[in-house]
Amino acid sequence: MLYVVYHSSDGTEMTTLEEPVTSVRTVTAEIDGQPVTVPDGTTIYDAARQVGVDIPVLCHNERYDPVGVCRMCVVDTGGRVFAAACVRPCEDGMEVRTSTPELERNRATLTELLISDQPPRAEDPKQTTTGDNMLLDLADRFDVARETTDLPCGSGRGHDSSNPVIEVNHDACILCDRCVRACDDIQGNDVIGRSGKGYATTIAFDLNDPMGASSCVTCGECVQACPTGALTNKAINNIPIQPREQLDAVDSVCPYCGVGCALTYYVDRSRDAIAFAEGRDQPGSKSRLCVKGRYGWDYAASPQRLTMPLIRIDSAYPKGPLSADVRGDTRGDTENDRGRGGAGGNRSGGGRSEKKKGRDGRRKPGGLVDYDEVMPYFREATWEEALDLVARRLKEIHATGGPGAIAGFGSAKCSNEEAYLFQKLIRAGFGTNNVDHCTRLCHASSVAALFEGVGSGAVSTTYGDVANADVVIITGSNPTANHPVASSFFKQARRLGTKIIYVDPRASTVAEHADYHCQVKPGTDVAFYNAIMHEVIRLGLIDRDFIAARVSNYEELARTVADYPPERAAQITGVAADEIREVARVWGEAKSGVIYWGMGISQHTTGTDNARCLIALCSITGNVGRPGTGLHPLRGQNNVQGASDAGLIPMFYPDYQGVDADATRQRFERAWGARLDPNRGLTVTEIIGSVLKPGGVRGMYMLGENPFLSDPNINKVRKALAALDFLVVQDIFLTETAEFADVILPASSYLEKDGSYTNTDRRVQLGRKVMDPPGQARVDWEIVQDIARRIGLDWSYSSPSEVFDEMVALMPSYENLRHDNLGLSGKLYPNADPEHSDGTVVLFDERFNTDDGLAHLVAAQWLPAKELPDAEYPLVLNTGRLLEHWHTGSMTRRSFALDTIAPIAEVYMHPKDAADRGLAHGELVRVRSRRGVIDLKVRISHREQLGNVFIPFHFREAAANLLTIDEIDPVGKIPEFKFCAVEVEAPGAAHARSTATLGAAE
């Protein structure tokens, strides 16, 4: 493979990885009298396009493998029969005619045959929405119509409305198979096929199931592919879908995961609402979207948006949670009720505990904050009053408690510019480095290990580089749910010969596409990878030249892994010794390999050690610095990479420049005109702990974060939030955390502002404003600037691009980037020439970013998790995300499509574990740990290991983090979200157990 340059749709030059040009044989043909020379194997259709000849098609699209089923593109090559141009390759000396009278008659007849079965034009599902029915366009070209044809009209193959956002009309289907290829070739989901025979043949989902009941993941790729009205989008929130030319197209980026897919929102300005979205070209995502990107944008139009500043009323003090759910007093039979819950159990000591539980004492369906219950404790205020109060109270706390009494939580949902300004406010305005964001809860340990090992916290190659790898390891990640578009490239690569080694305790859908699934026990990653390295070294499959020239501390690593033969690792991990040997051989013999990992690696008390092992495994086999090699922690939030780059972390200024380095600190002091703290600040989890200690943090500014649901051990978080002297929350919705606020500032959603965002690939892209914020809500960076001015900082930024320019001047990695050269597709950093290059795909081709240029290997010993199962809590809890939801659910649970598809909280459980407890699928159960109790339904799942359960953390009514432990990794300071001990039981079991205990005592 090699890098080549091509021009994108906006004229920008892009670099990508393509096959090398090596003595390609060419052929010369003549198309409609025009000579054309093309590489051997080029189809007639592609050759014709090169000379500007348009051949009509229905089944063909350049994104899919050609199949030639519609025959609309047939041409005359002088042979006995006409040839389908989309599949027939050019031959030397071939003379092709594309538009003879006979060909046109054939095409007209074919069009008439197809159009005769179509719905009337006025009722056609595509023509009456987006207005781009390709078959009707051909009918107009050949002057045929259903209304005028003498052919009989067939109908009755049926409709399928079972999917909430996609309508299926089998009568409008022409069986072109574009949807099949979109599902298989592009997304790799393998859901759509054909069913029936002859005229009764239809497209089918799985085993002819309704679409909504099938394994379809509602990515919408089939809708984007369909040339007729067979597959169309439904209107969301009654916003009608109209032709694109009647709507305002806004090119932007998806606001959900770190893949950062490029998309276009089509906006109905008369209704001030988005009508629909679709993917657009970009070197990374290549027009692909998942269900969240294509259908999950309507949260911004929720009637629950905050539109006015709010101030807590006097009678709502002493401060505490305001709703029954956040107090926890709708849950019965807690650990504290039974006298074993420790201080606080899962109830709060906040000031509202004596108040009503809610209108009926129960949770509201849907799991959103009950505004009717909470809003009476706040009053509306003007922006001047609210901002003056925020500045005055934070300054008072700073004056009495010192810089360490102030802390800030920023957001990876905000732009680079907003992250930069927020951390600058906390550092320059309050003199503290107590500023952090959700990277602490996802990849902090990965970043720590990467900085230590290779000198950079960013990925060393892109997710698309999987196409150039012989083998990849995907570990501690479920990309089909967490990074679905990236996973589509993984699945594509596997079909083309890349071997996939999947290492994860759960048998997620990735396992179905893997060559090897190593189902390790939770918390045993170090033992597993040490054993892999043991075998790679034993077999002599290390890259000795690479180690000699570019690696340090190899000898210590080799001594350590020598103690982890496959037999010992098998006892620890549960993976058979022979499988460990086979995986080690496959990895070691590969010419190129990439490791992609997720939070199953990082969210452990041994997360840094886990990542150290991955760095070492790549390094000793020379799998860094070349196409198809590298280290890639798949970033979670859409801008967690950018927010970290911009300095929204307590130990680094922007671009990971240490706050404790004198020369660096002095440089930033000169740039910002303020004295800065020479000491590292507190992390997210440390800040929460500090609030509960004398002399700790007393005042906080939270921008777009909801730690009540996202942080571990919610009971501890509840106490800390209630204990703060002052809390200002800036958000788009009333969150659980906002119940503890003194002031709530209504912010802008992603769709209501301009700014840059950096994805998991290091691609910096522009998110563009789609609509205005509602009511008096304001853009986040402007709110931060107004607070900065009120505490004495002389800020006068006029636009995000001005902030970006200041930021880039302090960030060598972003050098040369500007808003006006990012274009429609963004740019990878580092980038020496963004005007003409897409940027650097593969890092570390010659040296690492460490001081000596070497990879610093760090040996790790396996350690067990901090909390192990026992007789009372015999199961291991793992937490994570669902495809349809995001983080704490504040956005996705207000999206019609996403909440309709996945509306309820469930605990996923192995069939035997459920049977042993007498639990049935769909039954309401209780999950308890040493920290709390939640009630939710059980889902019997073959994807779980025996002795393990999985709970998504999106659902406030069954908040998984009531159960999790707040033990942290000593280096990355990340909590152990992936391992704690729990029990699952029928709700009545706890009462029976308590009764039995009382009887025994008597």
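1. First, a term: buried means under 20% relative accessible area, exposed means over 50%, and partly exposed is what falls in between, with a 1.4 Å probe and protein chains only. By that yardstick Phe-490 is buried, and Tyr-596 is buried as well.

2. A word on provenance. This is a predicted model, where local features need pLDDT of at least 70 and side-chain atom pairs count only at pLDDT 80 or more, while totals for chains, interfaces and linings use all residues. Residues are numbered from 1 along each chain as its sequence is written, and side-chain values use heavy atoms, with hydrogens and water left out.

3. Back to those two rings. Rings of Phe, Tyr and Trp (its six-membered ring) pair if their centres lie within 6.5 Å; planes under 30 degrees apart count as stacked, over 60 as edge-to-face and the rest as tilted. On that basis the whole structure has 22 aromatic pairs. Take Tyr-266 and Phe-276: their centres are 4.6 Å apart and their planes at 15°, so the pair is stacked. Tyr-266 sits in strand β14 (residues 262–268) and Phe-276 in strand β15 (residues 273–279), so this pair ties together parts that are ten residues apart in sequence. Both Tyr-266 and Phe-276 are buried. Phe-490 and Tyr-596, in turn, make a tilted pair, at 4.7 Å centre to centre with 45° between the planes. Phe-490 belongs to helix α13 (residues 484–495) and Tyr-596 to strand β24 (residues 593–597), so the parts tied together here are 106 residues apart in sequence. For the labels: helices (H or I, at least four residues) and strands (E, at least two) are DSSP runs, numbered from the N terminus.

4. There is also an aromatic cluster, formed by Tyr-420, Tyr-653, Phe-668 and Trp-672. As for cations, a charge sits over a ring if NZ of Lys or CZ of Arg is within 6 Å of the ring centre and within 35 degrees of the ring normal. Arg-894 lies over the face of Phe-733, 3.9 Å from the ring centre, and Arg-157 lies over the face of Tyr-199 at 5.1 Å.

5. Arg-157 turns up again around Thr-202, a residue of strand β11 (residues 202–205). Contact means heavy atoms within 4.5 Å. Neighbours within four places in sequence aside, Thr-202 is in contact with Arg-157, His-170, Leu-175, Gly-193, Arg-194 and Ser-195. Thr-202 counts as buried, at 12% relative accessibility.

6. Helix α2 (residues 101–115) is worth a look. Its 15 residues reach 21 Å from first C-alpha to last, close to the 21 Å expected; the expected span is 1.5 Å times one less than the number of residues. Leu-103, Arg-107, Ala-108, Leu-110, Thr-111, Leu-114 and Ile-115 are buried in α2. They cover an arc of only 165° around the axis, which puts them on the same side of the helix; the arc is that of the directions from the helix axis to the C-beta atoms. That buried set packs against β5 (74–75) and α3 (134–142). On the face turned away from the buried side of α2 are the exposed residues Pro-101 and Arg-105.

7. Compare α10 (residues 416–430), whose 15 residues should span 21 Å and whose end C-alpha atoms are indeed 21 Å apart. Here 14 of the 15 residues are buried. Next after α10 comes Gly-431, with a positive phi near 70°.

8. Positive phi values also appear at non-glycines. Asp-143 has one of about 55°; Asp-143 lies in the loop between α3 and β8 (159–160) and is exposed at 70% relative accessibility. Asn-238 has one of about 65°, in the loop between β12 (231–233) and β13 (248–253), and is exposed at 73%.

9. Two cis peptide bonds to check by eye. One joins Tyr-317 and Pro-318, with omega about -5°, and Pro-318 lies in the loop between β16 (310–312) and α7 (324–327). Another runs from Tyr-829 to Pro-830, omega near -5°, with Pro-830 in the loop between β33 (827–828) and β34 (855–856).

10. Tyr-829 is also one of the contacts of Leu-817, along with others including Val-764, Phe-804 and Pro-834. Leu-817 lies in the loop between α27 (800–809) and α28 (819–822), yet is buried at 2% relative accessible area.
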